[in-house]
Amino acid sequence: MAVEHIKHWKVGDVEIARIVEVNGWEDNISMLLENETADYVRSIGWLRPHFATPEGKMIISFQAFVLRSQGKNVMIDTCIGADRQREFDIFCNMQTTFLEDLTAAGFPPESINLVLCTHLHFDHVGWNTKLVNGRWVPTFPQARYLFGKREYEHWVHLRDTHSYHALEHMYDSIDPVIEAGLVDLITPDHKLTDEVSLIPTPGHTPGHVSVLIRSRGEEAVITGDMMHHPIQLVCPERHGRFDMDKEQGSRTRREFVERFADSKTLIIGSHFPEPTSGWIVRDGEAWKLKTE
Ligand SMILES: [Zn+2]
C-alpha cells in the first residue's frame, strides 16, 4: 500500500478520502490546451511546485474519491482499473494497490453503498468491475451504480453509430454492471444524501456532473473533468482539448469559477495532483488555486 495515495478531508460531518491510481503524471500542456507551450506554463509561477515542473510540463494524477455521509459510503468515480486494454500504454494491464488502498482508507469494497460516475470516460469507470476467472464482474456487488441517464444514452449512441474511437471501457466497465441490474440512471441534479448533491457541468461530456458536499456550514466540490488542471483557472473559457462540446465546456467552466471564486468552498480536483484541493481566488484579471 502506498501511503501517498491516500488523503483525507473532513467537510462538516462528511469524511472524504482520495485514492490515487496514477500519481503525478507529467505531460505537455498542448495535450490540454491546443498549441500551448512550456513557456506559457513556466510563466505562471503559482503552478509550481505542485501543478507544473520547472521545465513547464503539467502534472496530473488519476484518482478516485470516496466519502461517508449519513451512514452511506459513496465512491465518486472508479479510476482506470486493472487488466485493461486501452488506447494509451500507461493505462494497459495496470496492476495497482487500488482496492487495498480503498480498504486502508477505511472504505473496504464490500462497504460501498453507492458508486457515482461523474461521466463515462474510461478513467472514471474502470474499477466498476474487476476480472475474475476471465469474466468482468462488479467490484461493488452490494452497491447501486449511478450513471447520468443522458450520459449513458450518449455513450450507447456513440457505440451504436460507431462514432467514437475508443469504446473498450463500455464492454468491460459499463455493460457488466448494467447486466447485473446494479445501475440506476439519474438526472444531473440528483441528491445522493441530504449532504451530497450533483451539479450539472456539461461540456466535457453531455451528462457530466460535479459533486457538491455541504455539511454544518462547510462546503466542498469534487470537480470531475469539468476542469482537468488548475491552469484552466487562468482562462476558464479557453477550450479544453478533451471536451466533447468545447463551447459548452468553456461556458460551464466560466460559470463554475464565478460561482465558487473567493468563497469558502474547497475545490477538490479530480485530476489535480497532491495536494489535490484548494480555493479559487481572484488573481488580477484571472483566478488561481490557493492551496493553503
Ligand atoms: Zn478524467
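# A walk through the strands, spaces and odd bonds

Strand 5 (residues 114-116) and strand 8 run parallel to each other, paired over three bridges. Before going further, a word on the ground rules: this is a predicted model, where local features need pLDDT of at least 70, side-chain atom pairs count only at pLDDT 80 or more, and totals for chains, interfaces and linings use all residues. Residues are numbered from 1 along each chain as its sequence is written, and side-chain values use heavy atoms, with hydrogens and water left out.

Helices and strands here are DSSP runs numbered from the N terminus (H or I over at least four residues for a helix, E over at least two for a strand). Two strands count as paired if DSSP finds at least two bridges between them.

Back to strand 8, then. On the strand 5 side, leucine 116 sits opposite leucine 146 of strand 8. Strand 8 also pairs in the parallel sense with strand 9 (residues 183-186), this time over four bridges. Leucine 146 has a bridge partner there as well, namely aspartate 184 in strand 9. How covered is strand 8 (residues 144-148)? Mostly: four of its five residues are buried, where buried means under 20% relative accessible area, exposed over 50%, and partly exposed in between (1.4 Å probe, protein chains only).

Further along the chain there's an open sheet of six strands, in the order 10-11-12-13-14-15, with mixed pairing. Strand 10 (196-200) and strand 15 (286-290) stand at the edges; each has a single partner strand, so one side of each is left without a neighbour in the sheet. Neighbouring strands of this sheet are turned by 35 degrees against each other on average, direction ignored. That angle is taken between axes, which are lines fitted to C-alpha atoms (for helices over the stretch in contact), and angles run from 0 to 180 degrees between N-to-C directions. At one end of the order, strand 14 (residues 277-283) and strand 15 are antiparallel and joined by five bridges. Arginine 282 faces tryptophan 287 of strand 15 across that pairing. As general background, strands of a sheet pair through backbone hydrogen bonds, either parallel or antiparallel.

Now for the empty space. On a 1 Å grid over the protein atoms alone, a cavity is a set of points where a 1.4 Å probe fits but cannot get out, while a pocket is an open set with protein on both sides within 12 Å along at least five of seven lines; lining residues have an atom within 4 Å of a point. Grid points are joined across faces, edges and corners, and a volume is the space filled by probe spheres set on the points.

The largest pocket has a volume of about 750 Å³. Its lining holds 29 residues, and the closest to the pocket centre are Met31, Glu87, Phe88, Phe122 and Phe242. Strand 2 (14-27), strand 3 (58-69) and helix 4 (168-179) each give at least two residues to this lining, with strand 3 supplying the largest share, three residues. Sorted by class, the lining of the largest pocket has 14 nonpolar, six polar and nine charged residues. For that sorting, Ala, Val, Leu, Ile, Met, Phe, Trp, Tyr, Cys and Pro count as nonpolar, Asp, Glu, Lys and Arg as charged, and the others, Gly among them, as polar.

As for closed spaces, there are three cavities of 30 Å³ or more. The largest cavity comes to about 40 Å³, and its lining residues include Leu116, Cys117, Phe147, Gly148 and Ile186. What classes make up that lining? Seven nonpolar, four polar and no charged residues.

If you're wondering about cysteines, the whole structure has zero disulfides, a disulfide being a pair of cysteine sulfur atoms within 2.5 Å. Why does cysteine 79 have no bond? Its closest cysteine sulfur, in cysteine 117, is 11 Å away, which is too far. Cysteine 79 is also buried, at 0% relative accessibility, whereas cysteine 235 is partly exposed at 30%.

Finally, some backbone quirks. Arginine 48 and proline 49 are joined by a cis peptide bond, omega about 5 degrees, and proline 49 sits in the loop between helix 1 (38-42) and strand 3. Another cis bond runs from glutamate 274 to proline 275, with omega near 10 degrees; proline 275 lies in the loop between strand 13 (266-268) and strand 14. Glutamine 70, though not a glycine, has a positive phi of about 50 degrees. This glutamine 70 lies in the loop between strand 3 and strand 4 (72-76) and is partly exposed at 48% relative accessibility.
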